[in-house]
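These are my notes on the structure you sent, set out as numbered points. They cover burial, salt bridges, domains, cavities and backbone geometry.

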Amino acid sequence: MNPVGKPGKTGSLMPVEEALARLLQMAEATPIVEREFLPLAQVEGRVLAEDLVSTLDLPPWPNSAMDGYALRLADWTGTPLPVSQKVFAGQAPAALTPGTCARIFTGAPVPAGADCVEMQENAEVQADGSVRFVEIMSLGQNIRPQGQETTVGELILAAGTRLGPIEQGLAASLGCDGLNVVRKVRVAVLSTGDELVEPGQPLGPGQIYNSNRVVLCSWLQRLGCEVIDAGILPDDLDTTRARLGDLQDVDLILSTGGVSVGEADFLGVALREEGELALWKLAIKPGKPLTFGHFRNVPVIGLPGNPASTLVTFALLTRPYLLRRQGVRDVVPLKFKVPAGFVWPVAGHRREYLRGRLEQGRAIIFRNQSSGVLRSAAWADGLVEVLEGRTLVEGDEVGFIPLSDLLD
């Protein structure tokens, strides 16, 4: 358990890059070593636990890229060639008879002795069944060589690769019926505060429905985590201690509502009593407060309670941390530059992540950027990054982080 330091001086704001670096440098951020072997059909979304190395050449033999005719180029003098055999995919052909060609179909093995395949569109079948070729041909034409895609011993997928349909198909092409994947990261999600009510229940005075936990549980499942929904923590210290004590078999406790130094900060009290707690003030908006601590050696990340703040801090900090726990090497989300389709007249002291979308190649932003407005994220298809100390006119470059990448 490594103590987590505070920013450089009291009241200073920590850049998001520094906060992410600190999270990823912690001992708890090392990849989980437990693994399990799963059938290929069940590995979608999981992380490969060991390198996948090819045990065969692909293709295993030279094969035809076209429906057409296989021949030895030296045998072609301009006169028609007789057809000595037909070769279908899945068949083993005989060696090519000198001075002849072979009718061949896409994917079929090229007969020994043939060094060229001409597509059927450039061939004319004569009345006697022989074939006349009407275009100039070249050695190796339309032949996929042995090992064109992979060779024996070649690294195909590195450990830490998140597996999707294409990776599953690639493993299947090598004859794999299953893969070793990293054990799922177990994450307990809880919310704090008497003001929260579960959807479907009547609201009391001063209460709101709990949306953050729904967002996070669904998002974590998309990331391939095993999610333990720990519900709402009431503002009661004994209950808080007891509920946290029940979560000792998880890899991370993720809370929303923040941890502060207020009178109702019972989660913070419990963490200080039985572990450690660091409160980071981040130089981002929305999402200034973030906490990291431990309860009986279990890591705890506390996200701010406003919905847009929860989204941004989870996307930029917690998500990379969890990916690293899974063994994923590249955890930084995709970001690219686009021209701004809006004006930003007042420079801020914090980096802003605005909920926006791309229209006609430009980034536009939702009209209400309040940290309490989740609707802005439902409307958006990405986060628009405006650097601290920056004003914008239309056409200036801004960073754009697609939600499709963050939610994957």
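1. A residue is called buried here when its relative accessible area is under 20%, exposed when it is over 50%, and partly exposed in between. At 46% relative accessibility, D229 therefore counts as partly exposed. The model is a predicted one, and the remarks that follow should be read with that in mind.

2. D229 has a salt-bridge partner in R213, and the closest N and O atoms of the two residues are 2.5 Å apart. Because R213 belongs to helix 3 while D229 belongs to strand 16 (residues 226–233), the pair ties together parts that are 16 residues apart in sequence. The two partners differ in burial class, since R213 has a relative accessible area of 7% and is buried, whereas D229 is partly exposed at 46%.

3. A salt bridge also joins R351 to E17, again with the closest N and O atoms 2.5 Å apart. R351 sits in strand 23 (residues 351–359) and E17 in helix 1 (residues 16–25), so this contact ties together parts that are 334 residues apart in sequence. R351 is buried, its relative accessible area being 10%, while E17 is partly exposed with 44% relative accessibility. Both residues take part in a network of salt bridges that links E17, K335, R351, E385 and E388.

4. The salt bridge between R35 and E50 has its closest N and O atoms 3.0 Å apart. R35 lies in strand 1 (residues 35–39) and E50 in the loop between strand 1 and strand 2, so the parts tied together here are 15 residues apart in sequence. R35 is partly exposed at a relative accessible area of 44%, and E50 is likewise partly exposed, at 35%. The salt bridges discussed in these points are among the 18 counted in the model.

5. Turning to the domains, the chain is divided into domain 1 (16–33 + 184–326), domain 2 (37–53 + 155–182), domain 3 (63–144) and domain 4 (336–407). The centres of domain 1 and domain 3, taken over C-alpha atoms, are separated by 66 Å.

6. How many cavities of 30 Å³ or more does the structure hold? There are two, and the largest of them contains about 40 Å³ of space. Its lining is made up of G45, R46, V47, V182, R183, K184, V185, G224 and Q326, which by class gives three nonpolar, three polar and three charged residues. Domain 1 and domain 2 each contribute at least three residues to the lining of this largest cavity.

7. The second largest cavity holds about 30 Å³ of space and is lined by N212, V215, P307, T310, L311 and L374. Helix 3 (212–222) and helix 6 (307–326) each supply at least two of these lining residues, with the largest share, three residues, coming from helix 6. By class, the lining of the second largest cavity has four nonpolar and two polar residues but no charged ones. Helix 3, which supplies part of this lining, is also the helix in which R213 of the salt bridge with D229 lies.

8. On the backbone, most residues other than glycine have a negative phi, and most peptide bonds are trans. Against that background, a cis peptide bond joins L58 and P59, with omega about -10°, and P59 is placed in the loop between strand 2 (52–53) and strand 3 (63–64). Another cis peptide bond joins K285 and P286, with omega about 0°, and P286 is placed in the loop between strand 19 (284–285) and strand 20 (289–295).

9. Which phi values deserve a second look? N142, a residue other than glycine, has a positive phi near 60°, and its place is in the loop between strand 9 (131–133) and strand 10 (143–144). R296, which is not a glycine either, has a positive phi of about 50° and is found in the loop between strand 20 and strand 21 (298–303). With a relative accessible area of 38%, R296 is partly exposed.

Key
Residues numbered from 1 in each chain as written. Predicted model: local features only at pLDDT ≥ 70, side-chain atom pairs only at ≥ 80, totals over all residues. Heavy atoms only, no water. Helix = DSSP H or I, 4+ residues; strand = E, 2+ residues; numbered from the N terminus. Buried < 20%, exposed > 50% of the residue type's maximum accessible area, 1.4 Å probe, protein only. 1 Å grid on protein atoms, 1.4 Å probe; cavity = no way out; pocket = protein on both sides within 12 Å on 5 of 7 lines; lining within 4 Å. Points joined across faces, edges and corners; volume = space filled by probe spheres on them. Nonpolar A, V, L, I, M, F, W, Y, C, P; charged D, E, K, R; others polar. Domains from an automatic or database assignment. Salt bridge = Lys/Arg side-chain N within 4 Å of Asp/Glu carboxyl O.
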